[in-house]
Amino acid sequence: MTVTPESGAAATSIGPSDDVVEVVSRLIRFDTTNTGEPETTRGEAECAQWVAEQLAEVGYQPVYVESGAPGRGNVFARLAGSDSSRGALLIHGHLDVVPAEAADWSVHPFSGAVESDHVWGRGAVDMKDMVGMMIVVARHFRRAAIVPPRDLVFAFVADEEHGGKYGAHWLVDNRPDLFDGVTEAIGEVGGFSLTVPRRDGGERRLYLIETAEKGIQWMRLTARGRAGHGSMVHDHNAVTAVAEAVARLGRHRFPLVRTDTVSEFLAAVSEETGLAFGLDSPDLDGTIEKLGPMARMLKAMLRDTANPTMLKAGYKANVVPATAEAVVDCRVLPGRQAAFEAEVDQLIGPDVTREWIRDLPSYETSFDGDLVDAMNAAVLAIDPDGRTVPYMLSGGTDAKAFARLGIRCFGFSPLRLPPELDFTSLFHGVDERVPVSALRFGTDVLTRFLTHC
């Protein structure tokens, strides 16, 4: 029988929001640093096995899988719903984190310290906050005998921070059975609040649901010339050719484009604030800046970007090398791939070749349907003054892998954030932290959402 959250709460003296702070702190204390090199990446298996133990303790039968290499641990657990005819919902989070230099931090990045009403440490917002919420909600459902309206598949995966080769993409390619019946998914970098000034002088919390992601294409540029002595004249210098191409690409501003998701987002913000976000605005960047620190991500929703990140050439000061290389981090809007490549080719010129060394396409879905309605209802049940709106993530998530199975993906890791918190700077940043109140809010929203999804 289905048990409501209210009646389920009576079955246990501790609710999920009471547990979430300690669970997130414990997760951060697992050093799951992903360097991008399998031989130096660590901690995922130990963390995954701990997650499996937490789920098994309350009656789940978790599946532990190592994906493509020893130690790349993943955990799946399924909770049967009341309507087996409906597609299952995937709730996914990654266990790995990017590196952190302890000397730069106010607290040790793997301490999981709970100080000043925040949980501190690498992964606090990317994304052990959501992983912790997933664990405590999953345990609560079993303890309280809550039967959700559809099957829920909880997935805790490896290697998201290096593109998912040893995580989500490997699982999709090699263990599609783990996703049997899944039609929709929620994951990271969505559902958090952005406080904007209202035209009447007040404020409004917008909860940003991720419905789109830019493509991630890492591009290698290569120039070839004639090797020779550095004291002589060289008309075909590979270093000069690749440097000039990188400079042109790095300074270039790609055209402004409003996708469906971005148009809906800007329309909602304009309605609340009275600000005009037309692409023909003489100071569109300045208008977006009025939305605070979030502007750095919002600007990236409006155009493709190509940021040079690495250069490699030569082996001795007095030798002109035969080849020179650069790596460029390209983020491409949905529907823009062909136009983007044509623009890049024109910029780099005929003497430089390019190749994709990482090619994960863009993704976009619409902001409608029963699942969106359930997200909206769950947020408003806890924050009646909020408003949910769609937005596009300038980065990427494991949704790119799961979408290959035809799964409709959203970013929904709910957090109610203080207006003054520079949330986007915390992703991969120094002193990464998440407010305790945001974790408890998110856990309450997630609990309600999963009982009505």
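Here is a walk through the packed interior of this structure and the open and closed spaces in it. Keep in mind that you are looking at a predicted model.

Let's start with the largest nonpolar core, which has 95 residues. If you want landmarks, pick out Phe156, Ile186, Phe265, Tyr391, Phe449 and Leu450, the members that touch the most other members. Helix α4, running over residues 128–143, gives the most to this core, with 9 residues. The core also takes in both domains: at least three residues come from domain 1 (20–195 + 363–451) and at least three from domain 2 (215–360).

Zoom in on Phe156 to see what such a spot looks like. Leaving aside residues up to four places away in sequence, Phe156 touches Val51, Leu55, Gly73, Asn74, Val75, Gly93, Leu95, Val131, Met134 and Ile135.

Now for the pockets. The largest one has a volume of about 700 Å³, and 29 residues line it. Head for its centre and the residues lying nearest are Arg331, Ser394, Gly395, Gly396 and His428. Its lining, like the core, draws at least three residues from each of domain 1 and domain 2. Helix α9 (295–300) gives the most, with 3 residues, while β10 (215–224) and β15 (352–360) each supply at least two. As for character, the lining is a mix of 9 nonpolar, 10 polar and 10 charged residues.

The second largest pocket holds about 320 Å³ of space. Strand β10 turns up here too, and along with β12 (305–313) and β14 (323–332) it supplies at least two residues of the lining. Among the residues you'll find around this pocket are Trp218, Arg220, Lys312, Glu325 and Asp329. By class, the lining has 6 nonpolar, 1 polar and 4 charged residues.

Last come the closed spaces: there are 2 cavities of 30 Å³ or more. The largest has a volume of about 70 Å³, and its lining includes Val125, Met127, Glu188, Phe192, Phe423 and Phe427. Here the lining divides into 8 nonpolar, 2 polar and 2 charged residues.

The second largest cavity has about 30 Å³ of space. Glu188 appears in its lining as well, together with residues including His92, Glu210, Glu213 and Cys409. Two strands, β9 (203–213) and β18 (408–411), each give two or more residues to this lining, with β18 providing the largest share at 3 residues. The classes here come out as 3 nonpolar, 4 polar and 3 charged.

How values were computed. Residues numbered from 1 in each chain as written. Predicted model: local features only at pLDDT ≥ 70, side-chain atom pairs only at ≥ 80, totals over all residues. Heavy atoms only, no water. Core = buried A, V, L, I, M, F, W, Y, C linked by side-chain atoms within 4.5 Å. Buried < 20%, exposed > 50% of the residue type's maximum accessible area, 1.4 Å probe, protein only. Helix = DSSP H or I, 4+ residues; strand = E, 2+ residues; numbered from the N terminus. Domains from an automatic or database assignment. Contact = heavy atoms within 4.5 Å. 1 Å grid on protein atoms, 1.4 Å probe; cavity = no way out; pocket = protein on both sides within 12 Å on 5 of 7 lines; lining within 4 Å. Points joined across faces, edges and corners; volume = space filled by probe spheres on them. Nonpolar A, V, L, I, M, F, W, Y, C, P; charged D, E, K, R; others polar.
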